[in-house]
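Open the model in your viewer and keep the sequence panel beside it. Each stop below says what to select and what is found there.

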Amino acid sequence: MVVIESKRKKRENILKSYPEAVIIDITSKAEDDFVRLSPFYPHGGIPVPYSNGVTAACVEGIWQGLKVFEQEDIDTSMFANNTMKNIKRSVRTHGRVLGHRKGVNSSEILSYVEAKHSIYIPAYKWTLEHKTQDLVEKIRQLSSEGVVVLLDYNTCCDVDDATKPLSHAFLVKAYAEGYYPYGEKHYPTEEAPKTKSKKKTSKKKKETKNDKQLSLF
């Protein structure tokens with residue numbers, strides 16, 4: 001069994017829910033080999049979707065590089081970033097996000113959900129198939145013996161959710177278990193990974209549209 005929890009959640013609280021679980025950090029902050037499952041990890045040679053012959057160092061570089069803003073088009077220099085740092089492109093600097101370009105030479109701009117399906121999900125799948133099969137197999141083995149908890153900063157498991165960033169931990173789980181979007185099977189409603197809702201808290205400052213976009217992209 002593979003479950004997804006927030007990297008921000010205390011380890012002791014996770015173990016209260018899953019006492020015998022193997023907890024695996026797959027974020028860019030991981031301190032072992034599982035860091036290779038982070039979208040920021042510079043595997044190199046990752047094909048940029050709809051961009052014949054163009055490759056990138058990491059998945060996040062592709063996602064950020066193909067982003068189109070009001071004040072700036074795509075930035076292919078993101079494809080070469082292999083430092084795991086300074087990859088984000090901010091709405092505060094470049095203005096509102098218009099979408100993602102469908103390849104470096106395309107005139108078509110994809111919506112957020114379309115971009116997840118056409119750019120992020122296939123690019124990440126490539127790394128699972130060509131760069132991290134050993135880690136996927138390790139997770140499969142461990143999950144056949146007990147509970148595996150994958151840690152991620154984002155925990156949204158709905159690929160069609162236009163309001164939250166998609167959890168790459170969910171993509172690892174889906175690929176390892178052969179479920180959508182990497183397999184024909186769909187999780188039964190009662191078994192589908194849930195995105196936990198956060199309690200609303202009062203805010204002194206009203207959230208602007210750009211603030212929402214900043215957290216989304």
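Select Glu5 and Leu151: Leu151, in β8, is the bridge partner of Glu5. Helices and strands here are DSSP runs, numbered from the N terminus: a helix is H or I with at least four residues, a strand is E with at least two. This is a predicted model, in which local features need pLDDT of at least 70 and side-chain atom pairs count only at pLDDT 80 or more, while totals for chains, interfaces and linings use all residues. Residues are numbered from 1 along each chain as its sequence is written, and side-chain values use heavy atoms, with hydrogens and water left out.

**The parallel sheet**

Now select the whole of β1 and β8. The two strands run parallel and are joined by 5 bridges; strands count as paired if DSSP finds at least two bridges between them. Strands of a sheet pair through backbone hydrogen bonds, either parallel or antiparallel.

Add β2 to the selection. The open sheet has 3 strands in the order β1-β8-β2, with parallel pairing. β1 (2–6) and β2 (22–25) are at the edges with a single partner strand each, so one side of each has no neighbour in the sheet. On average, neighbouring strands of this sheet are turned by 30° against each other, direction ignored.

β2 pairs with β8 (residues 148–152) in the parallel sense over 4 bridges. To see one of these residue pairs, select Ile24 and its bridge partner in β8, Leu150. Then show helix α5 (residues 133–145), which packs on the sheet and touches β1, β2 and β8; its direction makes about 135° with that of β8. Such angles run from 0 to 180 degrees between N-to-C directions, with axes as lines fitted to C-alpha atoms, for helices over the stretch in contact.

Are the residues of β1 buried or exposed? In β1, 5 of its 5 residues are buried, where buried means under 20% relative accessible area, exposed over 50% and partly exposed in between (1.4 Å probe, protein chains only). Val2, Ile4 and Ser6 are buried on one side of β1, and Val3 and Glu5 on the other.

**The nonpolar cores**

Which residues have the most contacts inside the largest nonpolar core? They are Leu37, Ile139, Leu150 and Phe170, in a core of 45 residues. A nonpolar core is a set of buried Ala, Val, Leu, Ile, Met, Phe, Trp, Tyr and Cys residues joined through side-chain atoms within 4.5 Å. At least two residues of this core come from each of β1, α2 (59–65), α4 (112–130), α5, β8 and α6 (168–177). Helix α4 supplies the largest share, 8 residues. Apart from this core lies another, of 6 residues, including Val3, Ala21, Ile23 and Leu151.

Return to Leu150. Leaving aside neighbours within four places in sequence, Leu150 is in contact (heavy atoms within 4.5 Å) with residues including Val2, Ile24, Ile139 and Val172.

**Two serines**

Select Ser167, in the loop between β8 and α6. Ser167 is buried, with a relative accessible area of 0%. Not counting residues up to four places away in sequence, Ser167 touches Ile4, Asp152, Asn154, Thr155 and Cys156. Ser167 and Cys156 are 11 residues apart in sequence, and their C-alpha atoms are 5.2 Å apart.

Go next to Ser118 in helix α4. Ser118 is buried too, with a relative accessible area of 17%. With residues up to four places away in sequence left out, Ser118 touches Pro49, Tyr50 and Leu110.

**Rings and charges**

From Ser118, move to Tyr50: the charged end of Lys102 sits over the Tyr50 ring, 4.7 Å from its centre. This requires NZ of Lys or CZ of Arg within 6 Å of the ring centre and within 35 degrees of the ring normal. The charged end of Lys185 likewise sits over the ring of Tyr179, 4.4 Å from its centre.

How many aromatic pairs are there in the whole structure? A search finds 6. Rings of Phe, Tyr and Trp (its six-membered ring) pair if their centres lie within 6.5 Å; planes under 30 degrees apart count as stacked, over 60 as edge-to-face and the rest as tilted. The ring centres of Tyr179 and Tyr187 are 3.9 Å apart and their planes are at 10°, so this pair is stacked. Tyr179 and Tyr187 are both buried. Finally, select Trp63, Tyr112, Tyr120 and Tyr124, which form one aromatic cluster.
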